[in-house]
Amino acid sequence: MTQWRPPLALVGAWLGLLALLALTVALAYVPLGAGNAVVAMSIGTVKAALVAAIFMELRHRNGLTLVFAGAGLFWLGILLWLGLMDFVTRT
Amino acid sequence: MPEPPVFASQYVSIPHRDHSAELGMWVFIATEILLFGGLILAYFVYRHAFPQAFAEGSQHTDILIGTINTAVLLTSSFLVAWAVEIFSAATAKIVTWLLVGAACLGLAFIALKGIEYRKEYHEHLIPGIDFQLARPLANGVQLFFVFYLIATAIHAVHMLIGICLLLTLAIISRRAPTTRHHTALHSAALYWHFVDVVWIFLFALIYLPGRAAS
């Protein structure tokens, strides 16, 4: 009777996510100047990628599903890119 | 799994039906990404304009509750992914409890969020209702808290919808679960994980800035 046990990948992802949470909180208190924001967003992106790949099962999916899943990110990229371009380049 | 009406006439097979459901969920999630994306764009614009005020505003948030809530949500997502993975007639009881457990963690998240809102209200940090803060950063900090309240409230509404979905699925699939239940659970799980991802970024944008300076 082992069919109720969670796969190791899920347990690993869960523990990894909690470890990354602890890491990002700890690093937030280390003075890195502008680096703090980069670190916070980078760790957030890694956490999101773990959730997408393992909890949302994208690692088992083929091209079409990945295109559908990536479409949202693509449009988000356009939104942030065009939306922020003026503000970050204005002198 | 016993199955009377297997799939509607537009599908050629059960996997075809399930694949369509999954693609449909991803299209829905894309629209949700853009909903939260607009908020996050606004956040970056105003953070760029008021960097010190956003760091100051962030220091007024409760990082302990924020961190506990992140852990609660990640754990809840783990339980849902676990339930999807082991879903079968033989494990129906365990799946039900996993989903109930995930929904309870979701409710714990909402409760902690409520405590946090209450604390912020008592600290006079709610723009438009009761906001008192010494100048010169007050305007920027107000903008931070406007973003904070709108983003977390919209996120909390998503959580409440997710909790209802999980509880409904826990109830309807506790006896004789079918592949249709599995597909429904899979779609709900994608939604729940997405709400988790949104929180991962809200946590980084709301709670973490400005901590090193304090």
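Me: How far is the sulfur of B:C104 from the closest cysteine sulfur, and in which residue does that sulfur lie?
Reply: Happy to look at this one, keeping in mind that the model is predicted. A disulfide needs two cysteine sulfur atoms within 2.5 Å. The closest cysteine sulfur is too far from B:C104 for a bond. That neighbour sits in B:C164, at a distance of 13 Å.

Me: How many disulfides are there over all chains?
Reply: Let's start with B:C164: its closest cysteine sulfur, in B:C104, is 13 Å away, so the two are too far apart for a bond. A search of the whole structure covers all chains, and the number of disulfides it finds is 0.

Me: Is B:C164 buried, partly exposed or exposed?
Reply: Good one to check against the cut-offs: buried means under 20% relative accessible area and exposed means over 50%. B:C164 has a relative accessible area of 49%, so this cysteine counts as partly exposed.

Me: Which residues form a nonpolar patch on the surface together with A:W75?
Reply: A:W75 belongs to helix α3 of chain A, residues 63-89. With 46% relative accessibility, A:W75 is partly exposed. The patch has about 330 Å² of accessible area together, and its other members are A:F74 and B:L34.

Me: How far apart are the C-alpha centres of domain 1 and domain 2 of chain A?
Reply: In the domain assignment of chain A, domain 1 spans 1-60 and domain 2 spans 62-91. Between their C-alpha centres, the distance is 22 Å.

Me: What ipTM does the predictor give the complex?
Reply: For chain B, the average pLDDT is 92, and 97% of the residues score at least 70. For the complex, the predictor gives a pTM of 0.94 and an ipTM of 0.94.

Technical notes: Residues are numbered from 1 along each chain as its sequence is written. Chains are lettered from A and ligands numbered from 1 in the order in which they are written. This is a predicted model: local features need pLDDT of at least 70, side-chain atom pairs count only at pLDDT 80 or more; totals for chains, interfaces and linings use all residues. Side-chain values use heavy atoms; hydrogens and water are left out. pLDDT is the predictor's confidence in each residue, from 0 to 100. Domain bounds come from an automatic or database domain assignment. Buried means under 20% relative accessible area, exposed over 50%, partly exposed in between (1.4 Å probe, protein chains only). Patches are made of residues with over 30% relative accessible area and no salt bridge: like charges are joined within 9 Å, nonpolar side chains (Val, Leu, Ile, Met, Phe, Trp, Tyr) within 5 Å. Accessible areas come from the Shrake-Rupley method with a 1.4 Å probe; for residues, only the protein chains shown count as cover. A salt bridge is a side-chain nitrogen of Lys or Arg within 4 Å of a carboxyl oxygen of Asp or Glu. Helices (H or I, at least four residues) and strands (E, at least two) are DSSP runs, numbered from the N terminus.
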